[in-house]
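Visitor: Please show me the structure, so that its ligand site, cysteines and cavities can be discussed.

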Amino acid sequence: MKNSPSAGQLDHKYLWHPFTQMRDWLKTEPIILERGKGSLLWDNTGRKYIDANSSIWTNLHGHNHPKINQAIGKQLDKVSHVSALGFANTPAAKLGEQLIRLAKPRSRFPKTEPHLAKVFYSDDGSTATEVAIKLAYEHARRTGRARTPRFLSLDGAYHGDTIGAVSAGHIDLFHKAYSGMLFKTDRVASPYCYRCPFNKAKPERADARKYRKCNMECVDLVQQKFERRQKIGKNYAAFIVEPGIQGPAGMIAQPKGWLAKVAAIAREHGTQIVADEVMTGLGRASSSYFASHAEKVQPDFLCIAKGLTGGYLPMAATLTTQAVFDAFLGEYEEFKTFYHGHSFTGNPLGAAASLASLSLLESKKTSQQRVRLQKSLKSLSKPLWKLDAVGDIRQSGGVLAVELVADWKTRKPFPLSKQMGIRVCDFMAKQGVLTRPIGNVIVVMPPFCTTQSQVKKIFTALQAAISATT
Ligand SMILES: Cc1ncc(COP(=O)(O)O)c(C=O)c1O
């Protein structure tokens with residue numbers, strides 16, 4: 001009798017993986033992940049791994065969490081999906097209330113900061129930012145702020161893979177090929193201290209944000225962008241930014257105060273702020289639930305995805321103000337409706353998982369876990385500075401990144417063609433630690449429940465991998 005093909009064989013035969021050179025993929029046996037518990041994953045041969053990347057930055061509380069499982073199970077017994085076109089459902093409505101509450105600043109913010117009042121659901125990070133971009137565009141037109149609204153975003157920006165999100169993105173490797181399909185957006189330098197365009201942070205063995213000697217000249221560049229636009233009698237509709245740390249750009253962690261300063265410039269010019277907190281949100285990248293709040297910035301659009309369901313199901317939300325909502329109100333025949341939506345908008349299973357995840361997030365246990373994880377990442381990554389191939393180690397909350405370089409004294413990068421990041425991560429996988437690089441940057445972002453000894457194992461594997469590979 002013929003054996004049925006293995007999952008690996010079926011994968012190789014039928015699947016096409018995202019952001020993956022499939023020629024390389026087809027050369028090796030894939031790791032087939034089958035089971036998870038907490039920060040651990042097991043493959044189909046029983047090998048155990050630490051999920052040091054939170055399954056592409058999604059998982060907050062660990063895999064197979066009984067509370068989230070139970071919430072999904074309970075909802076499954078009722079109904080798994082109903083349409084948000086024409087109908088309401090209880091989990092989605094309750095989640096809306098919780099998200100608005102969670103997004104309310106806990107401390108005193110400047111009075112000028114907007115108040116988030118409405119939630120528009122979609123499916124993933126790309127659609128969350130796409131919704132914000134479309135709403136900001138149309139809001140700018142309807143309020144007479146711009147006839148052909150223009151957006152400003154950062155060098156290295158990545159807001160997803162739908163066309164609006166790609167238009168606002170500035171990673172040439174991903175986006176250039178599609179330039180013919182995109183609308184024009186402006187870009188401005190991000191506060192990449194380690195590779196400061198003004199060379200205000202000469203290499204040392206510490207996070208470049210700490211030893212930089214500058215007056216935040218990068219903020220002046222943002223100011224100049226706005227002034228240039230003003231000079232021609234125009235204005236940006238919105239400034240799109242990842243608060244705290246720019247993830248896919250290579251985990252570019254912002255120096256304290258930068259976001260508050262650039263947000264103030266945007267406000268002065270009457271420009272709305274879109275905060276892409278797809279990665280940073282829900283306690284991942286700061287001690288606040290949202291990284292913008294750590295800088296006392298409340299955006300006009302707050303985009304949440306990845307961790308919303310605890311990393312269980314695809315679900316996203318774009319939060320916005322009453323004023324934006326009101327701009328779309330009118331008599332039916334005025335056709336001011338926001339004509340946008342997805343089949344799974346407001347999915348009750350996702351909403352039930354999200355409610356359980358938010359309740360965990362706000363528990364005392366999780367807040368202690370978050371503090372402990374942030375401390376472990378900080379202290380246990382220190383030995384990496386001994387390695388010559390480590391150029392920069394930067395951390396924002398529970399996100400840590402190690403930038404590998406050919407020469408730390410000159411910051412000379414490894415050529416991308418050497419695939420140093422990929423090789424280091426492949427080595428780590430053999431040591432039982434899973435993560436994924438961004439070029440030469442190794443990401444360490446495990447779930448909140450990751451213990452100190454697991455963090456230690458992650459860095460032991462990373463150190464061995466860098467030593468063996470570079
Ligand atoms: C900051 C940011 N925005 C948007 C996205 C797109 O999210 P998704 O992959 O869920 O579409 C990502 C994904 O990594 C992200 O990191």
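Visitor: Which residues come nearest to the ligand?

Guide: This is a predicted model, in which local features need pLDDT of at least 70, side-chain atom pairs count only at pLDDT 80 or more, and totals for chains, interfaces and linings use all residues. Residues are numbered from 1 along each chain as its sequence is written, and side-chain values use heavy atoms, with hydrogens and water left out. A residue is near the ligand if one of its heavy atoms lies within 4 Å of it. There are 13 residues around the ligand, and those that come nearest are Gly-125, Ser-126, Glu-242, Asp-276 and Lys-306.

Visitor: Which side chain has a polar atom 2.7 Å from a nitrogen atom of the ligand?

Guide: A polar contact is a pair of N or O atoms within 3.5 Å. Oxygen atoms of the ligand lie 2.6 Å from a polar side-chain atom of Ser-126 and 3.1 Å from a side-chain N or O atom of Lys-306. The nitrogen atom lies 2.7 Å from a polar side-chain atom of Asp-276.

Visitor: How many disulfides does the structure hold?

Guide: A disulfide is a pair of cysteine sulfur atoms within 2.5 Å. For Cys-196, the nearest cysteine sulfur belongs to Cys-214, 6.3 Å away. For Cys-214, the nearest is that of Cys-193, at 6.2 Å. Neither Cys-196 nor Cys-214 is in a disulfide, and the count for the structure is 0.

Visitor: Which residues that line the largest cavity are closest to its centre?

Guide: A cavity is a set of points, on a 1 Å grid over the protein atoms alone, where a 1.4 Å probe fits but cannot get out; lining residues have an atom within 4 Å of a point. The largest cavity holds about 120 Å³ of space. Of its 15 lining residues, the closest to the centre are Cys-193, Cys-196, Arg-212, Cys-214 and Cys-218.

Methods. Polar contact = N/O pair within 3.5 Å; in protein donor to acceptor, adjacent residues only side chain to side chain. 1 Å grid on protein atoms, 1.4 Å probe; cavity = no way out; pocket = protein on both sides within 12 Å on 5 of 7 lines; lining within 4 Å. Points joined across faces, edges and corners; volume = space filled by probe spheres on them.
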